[in-house]
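Load the model below and keep the sequence beside it. The text starts from one residue and works outward to the helices around it.

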Amino acid sequence: FPLAVWAACTLYLGGNVGKISDDWSLSLRDVVTGEAERPFNPWKQYPYYWRPLHIAMIFTVGTFAFDDVRPVGVFVACMHLWAGVSLFRLARLGTRTWAAPAMASTLWLAHPMHYEVSLWFSSTCTAIASAIAFTLMRWQARAVLDEPASPGRARDLRLGLAAFILGLCVSGFYEQPAAGLAVMPFILAGVWLSRPGARRPARRELRGAAIVVGGAWASNIAYGVLLVLTAPQGARGGEKSFVSSDVLAQRLASVAHSVWWHAGGNRLRELTLGSFKAGLRELDNAAGVAIIAGLVALAASWALLMILVPGQRPAPRAQQPHAPSSASTPSSASNPARVPASPRSAAGARVLWTLTGIGMIVAGMLPVAMLARQNVEPRTMYFPLAGAAIVLSQLLDLLMSAGPGTVRSRSAPHARARSPLALVVIGARCLIAPAGAAVCVL
């Protein structure tokens, strides 16, 4: 069902959503001859260390593969799906039920504020960077908390190098998800507390956590140093692009107000209403009625199936990605997964995951607040809203997991809660593509 929602939201026009103004400026072909320069240099217009992977991708595709917008539009939609799936897998580490992160991630996938990132090629770097960041955040739990086959400092250094490279990939596409890597310690602590029989971290685990998290943070430091050293004064990252200390408080207040205006104020209200109106006009035909009827039927069938199919017990502890291997805990197969050792551990883990979401919101907006000429736009709300989805998944999981110790992930209350919300977000985001195309024309 989430896949159907995603497809209806992003692929109704088959990827043919046109180009925005930024997309038209991505070609490096000669305007007279139509030929690309040889040797081809995608960093020609930005010869400094600012989002190097993003610049290489958009100018290469814009020069050689953007004559037909449909494949590029499908690629952009798939990157948004990748980010949504990665967000679900990350949020799932901190919940007892899979329904809570599934519902929060589906809402995030279909949020109308994401029309830029999910439809326009120039903004897809945000989705790619977010997907890599979510993957890195989830991978660190396995890397640090799994019982290694060959423990040692050499392994820890390899993990730290891998985290550093992945962190450079994140910042190489977009800065906001890179800033969000600041919450990595909260995730590690939350996963550790949610393990059965939580104990004090071993020295090996603490050393591995310091090296992996330090590698990721070091990549951000390296990116910032390279940007400041190479950027011209008037460009982003240059001396004159940052907010001065005397107006920093005013700038932070302005950004906070703008975030609220986008997330819960007039911008969201007008965008949602516009999406409904554009969607209703576009759906006023047989194909549109069939699409909506199919989505409603799929939602109802999925909800009915979850009501009728009895709940399943969670996988044994040895199969969990963040649990020690079964070789070290022979009796772990009889322990339910994701059930903390005590109510205190459960509460602590939930607080840490909630702080993770809040931290993603705050850290994600810091790069926006630090730059004097950077406005809060729908694309800059992409990663912070993922933090809001983490918080929402914790709230929903708290409501859904109340009761017996056995995790009932397919109970009737879950289905009743999921289906109406999913149907509402379809209307808010379905067929946003025509609205985006109208903006391109205007």
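Leaving aside neighbours within four places in sequence, S105 is in contact with G84, L87 and F88, where contact means heavy atoms within 4.5 Å. The model is predicted: local features need pLDDT of at least 70, side-chain atom pairs count only at pLDDT 80 or more, and totals for chains, interfaces and linings use all residues. Residues are numbered from 1 along each chain as its sequence is written, and side-chain values use heavy atoms, with hydrogens and water left out.

S105 lies in helix α5; helices (H or I, at least four residues) and strands (E, at least two) are DSSP runs, numbered from the N terminus. Because its relative accessibility is 5%, S105 counts as buried. Buried means under 20% relative accessible area, exposed over 50%, and partly exposed in between, with a 1.4 Å probe and protein chains only. Helix α5 covers residues 99-109, and 10 of its 11 residues are buried. Those buried residues are A99, A100, P101, A102, M103, A104, S105, T106, W108 and L109.

One partner of α5 is helix α16 (residues 382-400), which packs against α5 at an angle of about 150° with the axes 8 Å apart. That angle makes α5 roughly antiparallel to α16. Axes here are lines fitted to C-alpha atoms, for helices over the stretch in contact, and angles run from 0 to 180 degrees between N-to-C directions. Angles under 35 degrees count as roughly parallel, over 145 as roughly antiparallel, 65 to 115 as roughly perpendicular and the rest as oblique. The crossing of α5 and α16 is right-handed; a crossing is left-handed if the near helix is turned anticlockwise from the far one by less than a right angle, and right-handed if clockwise. On the α5 side the contact uses A99, A100, P101, M103, A104, L107 and W108, and on the α16 side Y382, L385, A386, A389, L392, S393, L396, D397 and M400. These residues divide into 14 nonpolar, 1 polar and 1 charged. Ala, Val, Leu, Ile, Met, Phe, Trp, Tyr, Cys and Pro count as nonpolar, Asp, Glu, Lys and Arg as charged, and the others, Gly among them, as polar.

A second helix pair is α7 (residues 124-145) with α8 (residues 153-173), whose axes come within 8 Å and cross at roughly 165°. The two are therefore roughly antiparallel to each other, and their crossing is left-handed. In α7, C125, I128, A129, I132, A133, L136, W139 and A143 meet R155, L159, A162, A163, L166, G167, C169, V170 and F173 of α8. This contact divides into 15 nonpolar residues, 1 polar and 1 charged.

Some single positions remain. L119 is in helix α6 (residues 115-119) and counts as buried because its relative accessibility is 4%. The C-alpha atoms of L119 and V74 are separated by 8.6 Å, although the two are 45 residues apart along the chain. In the loop between α2 (21-24) and α3 (52-64) sits P39, which is joined to R38 by a cis peptide bond with omega about 0°. R51 is in the loop between α2 and α3; its phi is near 45°, a positive value in a residue other than glycine. R51 is buried, with a relative accessible area of 8%.

For the whole protein, the secondary structure comes to 18 helices and 0 strands. Of its 442 residues, 50% count as buried.
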